[in-house]
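Student: I should like to learn how to read the features of a protein model. May we begin with the structure itself?

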Amino acid sequence: MVKDSYSKDTKYFNKRIIEKQTEKLLRYYSDPDKKARKEQGLCKFCYYYNCDRIGGCAITIKNCENCGTEMSFGSTATDMYCLDCAIENGICKQCGQKID
Ligand SMILES: [Zn+2]
Ligand SMILES: [Zn+2]
């Protein structure tokens with residue numbers, strides 16, 4: 001007999017994931033935190049969608065790819081640019097794409 005592995009719990013869990021993703025997408029498209037997002041030097045993708053970055057918990061030191069300023073991060077999820085460079089050039093500090 002095949003076990004019914006698609007239990008109620010799984011259904012509920014899947015539904016929660018869909019809801020979370022949908023919420024992210026809606027926020028991505030409506031851009032409700034535009035001001036806060038730009039102040040943090042992040043593009044829509046990184047701010048709304050790529051916000052659950054999972055990294056190790058070691059402190060990571062990295063230099064800004066533009067000006068070389070040393071930046072430290074509380075995880076291995078690091079940014080490409082420092083906030084100054086990101087804002088000055090209108091680019092996302094995480095992925096480097098132009099912020100619209
Ligand atoms: Zn910089
Ligand atoms: Zn980005």
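Tutor: The following turns treat helices, burial, the core and contacts. This is a predicted model, in which local features need pLDDT of at least 70 and side-chain atom pairs count only at pLDDT 80 or more, while totals for chains, interfaces and linings use all residues. Residues are numbered from 1 along each chain as its sequence is written, and chains are lettered from A and ligands numbered from 1 in the order in which they are written.

Student: Which pattern does the chain follow along the sequence?

Tutor: Helices (H or I, at least four residues) and strands (E, at least two) are DSSP runs, numbered from the N terminus. Here the chain has four helices and two strands, in the pattern α-α-α-β-β-α.

Student: What span should helix α1 have?

Tutor: The expected span is 1.5 Å times one less than the number of residues. For the 23 residues of α1 (residues 8-30) this gives 33 Å, and the end C-alpha atoms are indeed 33 Å apart. Asp 31, with a positive phi near 50 degrees, follows α1.

Student: How many residues of α1 are buried?

Tutor: A residue is buried if 20 or more other C-beta atoms lie within 10 Å of its own, exposed if 12 or fewer, and partly exposed in between, with C-beta atoms placed from the backbone. In α1 the number buried is zero, so this helix lies largely in the open. Across the 100 residues of the chain, 17% are buried.

Student: Which residues form the largest nonpolar core?

Tutor: Such a core is a set of buried Ala, Val, Leu, Ile, Met, Phe, Trp, Tyr and Cys residues joined through C-beta atoms within 7 Å. The largest has 12 residues, including Leu 42, Tyr 81 and Ile 99. Helices α3 (44-49) and α4 (83-89) each supply at least two of its residues, and α3 gives the most, with three.
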